[in-house]
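Open the model in your viewer and keep the selection box handy. This tour goes stop by stop.

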Amino acid sequence: MSATPTPDTAGWAPRASALLCLLMAALLVAGLYHWTVGFERWTFESRRHWQIGQQRLQAAPVALIDSRGEPLPAWGTNTAAQAYLVDFIYTRCPSVCQALGSHYQQMQRQMRERADAAGVRLLSVSIDRAHDTPAELARYARTHQADARWWWLGAPASDAESDALLRALGVVVVPDGLGGFNHNGAIHLIDADGRLRGLFDFEQWPRALNAAIALNRRGTGA
């Protein structure tokens, strides 16, 4: 025969439920406070800009395969470059990736004419390893007249390398359900140690190039 709840035990259940709800709400608020940096950074991009200012985003050297099917050295392994302007693309993308290709072509044109751009490299990294073979990367390079002296194209050598790179730089890539991807069209300024030093909308490519050249000057002591 079960015991009849006393008034004290009968009243404890709703109080415990209320306390649990309060605890969960407090944890949610604390988590939001931390993620939004004091409720000031509510978007991924604004948070990334803050993290850049704090020098919190840094990518380890990444294994890339270029448009010839060969290893492509980048930050941490290439002593010739002090600054990288990196975008994330996939070659079938009909919109932002083609606009980025056009802007990179313009940056490449200016870099050819500037001696102080010798230590800057343009780097387009594919987010679509399954499709973007070296042949597809080479086709994209031809379409946009990429000169390998200035502008490199590569795909991560493995899914693990790709995931680690995107995670380290805070890049969000989401399949669109149609075989493509929703992704950000930003230009990332990365130094020789893999640290993210600047973030620019693709229309801001002149600013991105000037920032890369300034970073290159500091890196070479010029």
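**Stop one: a buried aspartate**

Select aspartate 128. At 4% relative accessibility, this residue is buried, because the cut-off for buried is under 20%. Keep in mind that you are looking at a predicted model.

Now add arginine 92. Its side chain forms a salt bridge with aspartate 128, and the closest N and O atoms are 2.7 Å apart. The pair ties together distant parts of the chain, 36 residues apart. Aspartate 128 sits in the loop between strand E4 (120-126) and helix H4 (134-143), while arginine 92 sits in the loop between strand E3 (83-89) and helix H3 (96-112). Is arginine 92 buried or partly exposed? Arginine 92 is partly exposed, at 40% relative accessibility.

**Stop two: other salt bridges**

The structure holds 11 salt bridges. Move to helix H4 and select arginine 139 and glutamate 136, which lie three residues apart, about one turn of the helix. They form a salt bridge, with 2.7 Å between the closest N and O atoms.

Next, select arginine 195 and aspartate 191. Their side chains meet in a salt bridge at 3.3 Å, N to O. Aspartate 191 is buried, with 5% relative accessibility. Then pick Asp66, Arg68 and Glu70: salt bridges with shared partners join them into one network.

**Stop three: the largest pocket**

Keep Asp66 and Arg68 selected; both line the largest pocket. Add others from the lining, including Pro71, Leu72, Trp151 and Trp152. The space here is about 200 Å³. Which strand gives the largest share of the lining? Strand E5 does, with three residues. By class, the lining has nine nonpolar, one polar and two charged residues.

How values were computed
Residues numbered from 1 in each chain as written. Predicted model: local features only at pLDDT ≥ 70, side-chain atom pairs only at ≥ 80, totals over all residues. Heavy atoms only, no water. 1 Å grid on protein atoms, 1.4 Å probe; cavity = no way out; pocket = protein on both sides within 12 Å on 5 of 7 lines; lining within 4 Å. Points joined across faces, edges and corners; volume = space filled by probe spheres on them. Helix = DSSP H or I, 4+ residues; strand = E, 2+ residues; numbered from the N terminus. Nonpolar A, V, L, I, M, F, W, Y, C, P; charged D, E, K, R; others polar. Salt bridge = Lys/Arg side-chain N within 4 Å of Asp/Glu carboxyl O. Buried < 20%, exposed > 50% of the residue type's maximum accessible area, 1.4 Å probe, protein only.
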